[in-house]
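Got a fold to talk through over coffee? Pull up the sequence and the model side by side and let's go.

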Amino acid sequence: MTESNPVDPLLSALRDDNEALRNHAASRLGEAGSEAIPKLINMFLEDDCVVREAATSALVQIGEPAVDPLIEALKEDEEWSVREQAASALGKLRAIKSVEPLVQALRHDKDGGVRTAAIWALERIGHPDAVPALVDALMDATLREDAARVLKKLGDSRATDALMEGLKASNWIVRRHAAEALGKIGDPQCLDALIQALSDEDWLVRRNAA
């Protein structure tokens, strides 16, 4: 008689409606290590976002051994849900080696959800190598709010020119983040742009500019 794989019942438990049981299973799978990684990544195909998050939690608990398989999934998998969840997991793991693959996903992935997840992950990691791609993302109407928020957090002077343009955006959220980011960067060349923003129609843009 063939002995069953002890990982399989834990994987099944990730689909349970009971949150405590899901959390316990994720913790046990985290202890299982590398053996569980391929099956957990495969669970990113599940329709239920709760199940996908439970699989992500287990991979984060596994830690460094999960980084390379997640990078491969982000770069190579044909399913957008796998790439999106892989990006999310890499952000939670905060491995520096994942910055470049996440930047490439932000620049080139065809799925908007994957690109958004890549920005979120880069925000969690907080590495300056992400700045040029985030500056470019300010030109994308679907990404500029998130990109401006992360650039505000990073406070890198390379983003100054793009953020000054962001003060002119039609989207008030972008203008708010841009004004706050420019204040954090503190480059004197942005002073005139911030003075003009003191007349913005949105009160928080005016406050941030001040």
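Here are some questions and answers on this predicted model.

Q: How many helices and how many strands does the protein chain have?
A: Reading along the sequence, you meet α after α in the pattern α-α-α-α-α-α-α-α-α-α-α-α-α-α. The secondary structure therefore has no strand entry to list, given that helices and strands are taken from DSSP runs. The tally is 14 helices and zero strands.

Q: What share of the residues of the protein chain count as buried?
A: The C-alpha trace spans about 80 × 30 × 25 Å along its principal axes. Buried here means under 20% relative accessible area. Of the 210 residues, the share that passes is 49%.

Q: Which helix gives the largest share of the largest nonpolar core?
A: That core holds 75 residues, and Leu14, Leu40 and Leu70 touch the most other members. The largest share of this core is seven residues, and they come from helix α8 (residues 112–125).

Q: Which residues does leucine 40 touch, leaving out those up to four places away in sequence?
A: Leucine 40 is one of the residues that touch the most other members of the largest nonpolar core. A contact needs heavy atoms within 4.5 Å. With sequence neighbours up to four places away set aside, the list for leucine 40 reads Leu11, Leu14, Leu29, Ala55, Ala58, Leu59 and Ile62.

Q: How do the residues in the contact of α4 with α6 divide into nonpolar, polar and charged?
A: Helix α4 (residues 49–62) and helix α6 (residues 80–93) pack at about 40° with their axes 10 Å apart, and the crossing is right-handed. On the α4 side you'll find Arg52, Glu53, Thr56, Leu59 and Val60, which meet Gln85, Ala89, Lys92 and Leu93 in α6. Sorted by type, the residues of this contact come to four nonpolar, two polar and three charged.

Q: Is cysteine 190 buried or exposed?
A: Cysteine 190 sits in the loop between α12 (172–185) and α13 (191–197), and beyond its sequence neighbours up to four places away it touches Thr160, Met164 and Leu182. Its C-alpha atom is 8.1 Å from that of aspartate 161, 29 residues apart along the chain. Because its relative accessible area is 3%, cysteine 190 is buried.

Q: Why does cysteine 49 count as partly exposed?
A: Partly exposed is the class between the cut-offs of under 20% for buried and over 50% for exposed. Cysteine 49 falls in that class because its relative accessibility is 45%.

Q: How many disulfides are there?
A: A pair counts if the cysteine sulfur atoms lie within 2.5 Å. By this rule the count is zero.

Terms used:
Residues numbered from 1 in each chain as written. Predicted model: local features only at pLDDT ≥ 70, side-chain atom pairs only at ≥ 80, totals over all residues. Heavy atoms only, no water. Axes fitted to C-alpha atoms, helices over the stretch in contact; angles between N-to-C directions. Helix = DSSP H or I, 4+ residues; strand = E, 2+ residues; numbered from the N terminus. Left-handed = near helix turned anticlockwise from the far one by under 90°. Nonpolar A, V, L, I, M, F, W, Y, C, P; charged D, E, K, R; others polar. Buried < 20%, exposed > 50% of the residue type's maximum accessible area, 1.4 Å probe, protein only. Core = buried A, V, L, I, M, F, W, Y, C linked by side-chain atoms within 4.5 Å.
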